Structures are given as structure tokens and as C-alpha cells.
Amino acid sequence: MVIQWYPGHMAKAKRQVTEQLKKVDVVFELVDARIPYSSRNPMIDEVIQQKPRVVILNKKDMANLAELEKWATYFAEQGFYPVAVDAKHGKNLKQVEQAAIKATEEKFARERSKGLKPRAIRAMIVGIPNVGKSTLINKLANRAIAKTGNTPGVTKQQQWIKIGKSLQLLDTPGILWPKFEDQLVGKKLSITGAIKDSIVHLDEVAIYGLEFLRAHDYDNLVKHYNVDVSQDDDNIAWFEAIGRRRGLLQRGNEVDYEAVIELIINEIRNAKIGTYTFDIFSEIERDYFG
Ligand code: G4P
């Protein structure tokens, strides 16, 4: 489902998440491991404030693992508890409970010292659309609880799901809006499928993806498409070569550019060519963290 975010929706989503946060000990901020900066809600720190936070870098299976390490270090330095998972295939999920235990250790020690009875840690998942919130809830719960798909805010009656020995998770995630302002962020959100319709033009998204792969994985790109194009050839030459090789032609034996654009976006989005982290830590640090 495509969500249009208007200021009213954003205010409502923020209000609803803020309300839900009161019920939990720890927040699971879910991000896409391919874009750990670009897939964060722009107001996330204001929404979560000082609540203990586990940053879950999801879709690990499609990301660059060396970059993932750098991002995990960064989030740990921010005082969060990072974990990288692949929710779709159920990988590393035990670490989520362990991170939640660590993140809430102090709070529970305080409760114990006041003589309060032991109880489960309460958590909720928060993130922008399509980062895998529903998939993660269903995998953690070991059954279908959350519908994949999106409705902003929190709509249905909520329940706690028991996970492992020590965790209770709200069955409805908090859905927040993505970053809108920055064109490059928009392209990254689109190339990873976080936004399926586009606030940026699809030709620009395909060109962004192609240029990223040319710069970072040229040999593999050429091999994947079985094309003979040099790194310095322009985008048209690449579109031409890929279109002809894949038979994406239209009347007059012309390359169907729209089909090539769609092909490139889909193949990058679904990690058919390789696994990439588009938010390269050193670049994000230079350009956004001042
Ligand atoms: P949301 O609730 O945050 O909006 O996200 P949702 O769970 O609906 O997941 C969005 C898409 O991301 C789904 O793909 C889902 O399968 C995929 N996904 C979630 N976690 C992972 C992961 O760890 N690895 C990979 N590779 N994919 C993941 P879809 O194309 O919309 O659906 P489907 O074709 O997979 O059923």
C-alpha cells in the first residue's frame, strides 16, 4: 500500500507512537541495513527520547557486511544496542532478546533493588514503512500476527506477544514517515523499495543505482549483464547495452528505456546483482554528521 504522508498524518503518527512508548521499557528502532541513515525517521530521537533503544539493522542478507559493522559501531557509540538481523529468513533473531536484556539491565536492577517483582521486558517496534516490521514481528512470534503492508499509526486493538523467556512485544509496530527533503535519500529509499511509488523519478533512481554499482562493483555488474561497457561510458551506453542484451526492445529495434529502468531497479532492489550498503558510513559521516 502506498502511503502519502501529510503533516496531519505525521503529527498523528508521532502522537500515537509517543503514547505507545509509555507502555514499553525498550524500543526496537528498525532500519534497513542497506541504508541505516536514510531509512531512519527524521525525528526519531525526538520521538524516542531517552528510552533504551535497540537499533535493529534488518535485511542483513542484502547488505554489505563490512559497512554493517561500521554502522553497528556507530549506533553503539550513540548509546544504543545494535543488532543485525535477516527477519525474512529468521537469522540472528535470538540476539534481539539479548540486546533488549542488556538495554534494560539498569532499569530492571533499579526495580529489583526497590523490591519489585521480576517481570517481562516490554518492547515495541518502530520504523518507516517497508523496513520489515511486520516480517520481524511474525518471525519473532513464530506465527502470523502482523499483516505485512502498511497503515500509518496504530489502528487495531493491541496485544502483547511473548518472545523467548524474558520479552513481551507489542503486536502492532509504530509506523513513522521517511525522510523527504533530500533527493539522494529519496533515491536510496526507492532503490531499496522503501518507497515503491516515487517521489523521485524512476530514471534518476535507475541511474543512481547503476552509477553506484559502476563505482563499487563494476566487474560484477558487467558480468551480471554480460555487457561490454567501460566504466567511463555514459549512462545511455549502459542502458543500450543492457537493453539489447536482455532483448528489451520496442518498435524499430529501439531499446525500451522504461523497461531497462524497471529491470535495473528491480534487480538492485532484490539484491539480484549483489549485496550493497548504499549509505556508506564514511560518506554519511562526512555529509550529514557535522
Ligand atoms: P513493514 O512491516 O516494515 O512495512 O515491512 P514488511 O514486513 O511488510 O516487509 C517489507 C518487505 O521486506 C517484504 O517484501 C519482506 O518480505 C521484506 N523483508 C523483510 N525483512 C527482510 C529481510 O531480513 N531480508 C529480506 N531480503 N527481505 C526482508 P515484499 O517484497 O513486500 O514481500 P514478499 O515478496 O517478501 O512477500
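Two residues are in contact here when they have heavy atoms within 4.5 Å of each other. With that in hand, let us walk through this predicted model, starting at a loop and moving on to the ligand and the cores.

**A loop residue and its partners**

Gln159 sits in the loop between H6 and strand S5, the latter spanning 160–163. Setting aside residues up to four places away in sequence, Gln159 touches Leu169, Leu170 and Asp171. For one of these partners, Leu169, the C-alpha atom is 8.2 Å from that of Gln159, with the two positions 10 residues apart along the chain. Is Gln159 buried or exposed? Its relative accessible area is 51%, and the cut-off for exposed is over 50%, so Gln159 counts as exposed.

**Around the ligand**

The ligand is surrounded by 18 residues, and the closest of them are Asp61, Asn130, Lys133, Ser134 and Thr135. Sorted by class, this shell holds 4 nonpolar, 8 polar and 6 charged residues. Which helix gives the most to the shell? That is H6 (residues 133–141), with 3 residues.

Here are some polar contacts made with oxygen atoms of the ligand:

| Residue | Protein atom | Distance to a ligand oxygen atom |
|---|---|---|
| Asp86 | polar side-chain atom | 3.1 Å |
| Val131 | backbone N or O atom | 3.3 Å |
| Thr135 | side-chain N or O atom | 2.5 Å |

On its own the ligand exposes 720 Å², of which the protein buries 72%.

Thr135 deserves a second look. This residue belongs to helix H6. Its relative accessibility is 26%, which falls between the limits of 20% and 50%, so Thr135 is classed as partly exposed. From Thr135 to Lys188 the C-alpha distance is 21 Å, with a separation of 53 residues in sequence.

**The nonpolar cores**

In soluble globular proteins, nonpolar side chains tend to be buried together. In this model, the largest nonpolar core has 73 residues. Within this core, Phe28, Ile56, Ile242 and Ile264 have the most contacts. Helix H8 (residues 202–225) supplies the largest share of the core, with 9 residues.

What does Ile264 touch, leaving aside neighbours within four places in sequence? Its contacts are Ala206, Leu210, Tyr225, Phe239 and Ile242. Ile242 is thus both a partner of Ile264 and, like Ile264, one of the residues with the most contacts inside the core.

Apart from this largest core lies another one, made up of 16 residues. Its members include Leu21, Val27, Ile44 and Trp177.

Notes
Residues numbered from 1 in each chain as written. Predicted model: local features only at pLDDT ≥ 70, side-chain atom pairs only at ≥ 80, totals over all residues. Heavy atoms only, no water. Core = buried A, V, L, I, M, F, W, Y, C linked by side-chain atoms within 4.5 Å. Buried < 20%, exposed > 50% of the residue type's maximum accessible area, 1.4 Å probe, protein only. Helix = DSSP H or I, 4+ residues; strand = E, 2+ residues; numbered from the N terminus. Near = heavy atom within 4 Å. Polar contact = N/O pair within 3.5 Å; in protein donor to acceptor, adjacent residues only side chain to side chain. Areas by Shrake-Rupley, 256 points an atom, 1.4 Å probe, with all protein chains shown as cover. Nonpolar A, V, L, I, M, F, W, Y, C, P; charged D, E, K, R; others polar.
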